[in-house]
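Here is a short report on the chain shown below. Helices come first, then the surface.

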Amino acid sequence: MFGLSELAIILIVVIAVIGMKKLPELTRSAGKAARILKAEARAAKDEEAGTAPAPRVVQGEVVPPGTGTTPPGARPAGAPDHP
């Protein structure tokens, strides 16, 4: 009969074979997460030291309801639910 080490090796091989399709996606996600973590750590360090860049302010405008355009494929306001 199989021992614990043999079963562990078989399990690792099965996971590797099944996981080959997902491996590039997993490594891409891990790299993206590492970059985000690194950027956040750098931002926290800069904020702590007082050298953080000033936040960017984006000016906007307020549009009253009902004055905008209807997106393509959307029903205009007041249109019946069924044609």
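Gly50 comes right after H2 and has a positive phi, near 85 degrees. Helices here are DSSP runs of H or I with at least four residues, and strands are runs of E with at least two, numbered from the N terminus. This is a predicted model, where local features need pLDDT of at least 70. Residue numbers start from 1 along each chain.

The chain has 2 helices and 0 strands. The end C-alpha atoms of H2 are 39 Å apart, which agrees with the expected 39 Å; that span is 1.5 Å times one less than the number of residues.

| Item | Value |
|---|---|
| H2, residues 23–49 | 27 residues |
| H1 | residues 4–18 |

Of the 83 residues, 0% count as buried (under 20% relative accessible area; exposed is over 50%, partly exposed in between; 1.4 Å probe, protein chains only). Phe2 lies in the segment before H1. Phe2 counts as exposed because its relative accessibility is 54%.

Methods: This is a predicted model: local features need pLDDT of at least 70, side-chain atom pairs count only at pLDDT 80 or more; totals for chains, interfaces and linings use all residues. Side-chain values use heavy atoms; hydrogens and water are left out.
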